[in-house]
Amino acid sequence: MAELFAYTDGACSGNPGPGGWGVLLLAKQGAEVVKERCLQGGEADTTNNRMELLAAINALETLEKPSQLTVVTDSAYVKNGVTGWIFGWKRNGWKTSNKKPVKNVDLWQRLDAAQERHAVTWKWIKGHAGHAENERADELARAGMEPFKPKKAAG
């Protein structure tokens, strides 16, 4: 049986500003990739953290049936949030330990719901450190952002 991996990344030009997210979904048998799927999207006015969250959300929501997979992210915000902070936030009615509303609560709730039907292992890797799959996810995120970037005037 193939192992499933989702390499996710977000990008933003300015923070806030135009942003994009990218996902490289791979099914592997041993070291061999047996299936590959690329996803990308973006928004005109967003933040890097929102794009990182949307990459993970789209990776999970695109899977049609419950799956066992590893989500690989270079975002400590996503990894720490989904494997740690989220439990306290939910217990506290989506408030932080300081009783303030959780930032990006709409996306955290969506991510929480998206991961419920899967068996997810979350893995953090250092971004821009030569991980080929992470670099591909970054390229997809930048491509997802491209339609939302302001066009430069011809001069």
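1. First, a word on terms: helices and strands here are DSSP runs, with at least four residues for a helix and at least two for a strand, and they are numbered from the N terminus. With that in hand, you can read the order of elements in this protein as β-β-β-α-β-α-α-β-α, starting at the N terminus. In total that gives four helices and five strands. Keep in mind that you're looking at a predicted model.

2. Now the overall build. The radius of gyration is 16 Å, which agrees with the value near 15 Å that a compact globule of 155 residues would have. If you box in the C-alpha atoms along the principal axes, you get roughly 55 × 45 × 30 Å. Of the 155 residues, 46% are buried. The accessible surface is about 8,500 Å², and carbon and sulfur atoms own 51% of that surface.

3. Have a look at how the chain folds back on itself. Take the contacts in the protein with a separation of 6 or more: 67% of them join residues that sit 24 or more positions apart. Points 6 and 7 show some examples.

4. Next, a pair of helices. Two packed helices are described by the angle between their axes and by the distance between those axes. Helix α2 covers residues 76-91 and helix α3 covers residues 105-116; their axes are 11 Å apart and meet at an angle of about 95 degrees. Angles of 65 to 115 degrees count as roughly perpendicular, so α2 is roughly perpendicular to α3.

5. Who does the touching between those two helices? On the α2 side you'll find Y77, V78, G81, V82, I86, W89 and K90, and on the α3 side W108, L111, D112 and Q115. Sorted by class, the contact of α2 with α3 has seven nonpolar residues, two polar ones and two charged ones. The loop between α2 and α3 is worth a click too, since N104 has its place there. N104 has a positive phi of about 60 degrees, although it is not a glycine. Is N104 buried or exposed? With a relative accessible area of 15%, N104 is buried, because the cut-off for buried is under 20%.

6. Let's follow L63, which is found in the loop between α1 (48-61) and β4 (68-73). L63 counts as buried, at 11% relative accessibility. Which residues does L63 contact, once neighbours within four places in sequence are left aside? They are L4, L25, L69, R117 and H118. For H118, the gap in sequence is 55 residues, yet the C-alpha atoms of L63 and H118 are 9.1 Å apart in space.

7. A similar exercise works for A119, which lies in strand β5 (residues 119-124). A119 is partly exposed, with a relative accessible area of 42%. Setting aside neighbours within four places in sequence, A119 is in contact with S67, Q68 and L69. Try T70 as well: A119 and T70 are 49 residues apart in sequence, and 8.5 Å apart from C-alpha to C-alpha.

8. Here's a spot where strand and helix residues come together. T46 lies in strand β3 (residues 32-46), and M51 lies in helix α1. T46 counts as buried at 3% relative accessibility, and M51 counts as buried at 0%. Not counting residues up to four places away in sequence, T46 touches C12, N15, P16, G17, P18, G19 and M51. M51, with neighbours within four places left aside, is in contact with D9, G10, A11, G19, G20, W21, G42, E43 and T46. You can also check M51 against G41: they are 10 residues apart in sequence and 9.0 Å apart in space, C-alpha to C-alpha.

9. Two backbone details to finish. P16, one of the residues that T46 touches, is found in the loop between β1 (3-12) and β2 (17-29). The peptide bond from N15 to P16 is cis, with omega near 15 degrees. Then there's H128, in the loop between β5 and α4 (132-145). H128 has a positive phi of about 55 degrees, although it is not a glycine. Is H128 buried or exposed? At 53% relative accessibility, H128 counts as exposed, because the cut-off for exposed is over 50%.

Methods. Residues are numbered from 1 along each chain as its sequence is written. This is a predicted model: local features need pLDDT of at least 70, side-chain atom pairs count only at pLDDT 80 or more; totals for chains, interfaces and linings use all residues. Side-chain values use heavy atoms; hydrogens and water are left out. Axes are lines fitted to C-alpha atoms, for helices over the stretch in contact, and angles run from 0 to 180 degrees between N-to-C directions. Angles under 35 degrees count as roughly parallel, over 145 as roughly antiparallel, 65 to 115 as roughly perpendicular and the rest as oblique. Contact means heavy atoms within 4.5 Å. Ala, Val, Leu, Ile, Met, Phe, Trp, Tyr, Cys and Pro count as nonpolar, Asp, Glu, Lys and Arg as charged, and the others, Gly among them, as polar. The radius of gyration is taken over C-alpha atoms; the globule rule is 2.2 Å times the number of residues to the power 0.38. Buried means under 20% relative accessible area, exposed over 50%, partly exposed in between (1.4 Å probe, protein chains only). Accessible areas come from the Shrake-Rupley method with a 1.4 Å probe; for residues, only the protein chains shown count as cover.
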